[in-house]
Amino acid sequence: MFLISDRIQLLPLFAITAFTLGFLAYSFISGSKVLRSRMESYLGDEKTKVLWILFQKLVGFIFLGVLPALALLFIPVTL
């Protein structure tokens, strides 16, 4: 059985898990047809094309960069 006894050894495992969960959230949110259709109904077709790309990039930055980084920063590790 695989046991991890040290918190330092948990950091890579937690980083990979946080990134994977962030990628799943990003892929479901950025590919949502419901959000895009609502955006089209409020803004029209031209603005939606531009803002949808910006929205996808922002969601990717948040879920793939900011949230995993913040999660790793708040893990207490003593060397």
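In the predicted model, S30 touches W52 and Q56, leaving aside residues up to four places away in sequence. S30 belongs to helix 1, which spans residues 7–30. The relative accessibility of S30 is 8%, and S30 therefore counts as buried, the cut-off for burial being under 20%. A polar contact is also made by this residue: the side chain of S30 reaches the backbone oxygen of Y26 at a distance of 2.8 Å.

The protein chain as a whole contains 3 helices and 0 strands. Read from the N terminus, the order of its elements is α-α-α. Of the 79 residues in the protein chain, 13% are buried. Among contacts in the protein chain with a separation of 6 or more, 60% are between residues 24 or more positions apart.

Helix 2 covers residues 33–43, and its N-terminal end is capped by S32. In this cap, a side-chain oxygen of S32 lies 3.4 Å from the backbone nitrogen of V34. Just after helix 2 comes G44, with a positive phi of about 95°. The backbone oxygen of G44 is in turn placed 2.4 Å from a polar atom of the T48 side chain.

T48 is located in helix 3, which comprises residues 45–73. With a relative accessible area of 0%, T48 is buried. When residues up to four places away in sequence are not counted, T48 touches R36, M39, E40 and L43. These four residues are also listed among the helix 2 residues that meet helix 3.

The packing of helix 2 against helix 3 was examined next. The two helices pack at an angle of about 140°, and their axes are 8 Å apart. Because angles over 145 degrees are required for a roughly antiparallel arrangement, helix 2 and helix 3 are oblique to each other. Their crossing is right-handed. On the helix 2 side, the residues in contact are L35, R36, M39, E40 and L43. On the helix 3 side, they are D45, K47, T48, K49, L51, W52 and F55. By class, this contact has 6 nonpolar, 5 charged and 1 polar residues.

Two residues of helix 3 recur in these results. W52 meets helix 2 and is touched by S30, a residue of helix 1. T48 likewise takes part in the contact of helix 3 with helix 2, and its side chain has a polar atom 2.4 Å from the backbone oxygen of G44.

Conventions:
Residues numbered from 1 in each chain as written. Predicted model: local features only at pLDDT ≥ 70, side-chain atom pairs only at ≥ 80, totals over all residues. Heavy atoms only, no water. Polar contact = N/O pair within 3.5 Å; in protein donor to acceptor, adjacent residues only side chain to side chain. Axes fitted to C-alpha atoms, helices over the stretch in contact; angles between N-to-C directions. Parallel < 35°, antiparallel > 145°, perpendicular 65-115°, else oblique. Left-handed = near helix turned anticlockwise from the far one by under 90°. Contact = heavy atoms within 4.5 Å. Nonpolar A, V, L, I, M, F, W, Y, C, P; charged D, E, K, R; others polar. Buried < 20%, exposed > 50% of the residue type's maximum accessible area, 1.4 Å probe, protein only.
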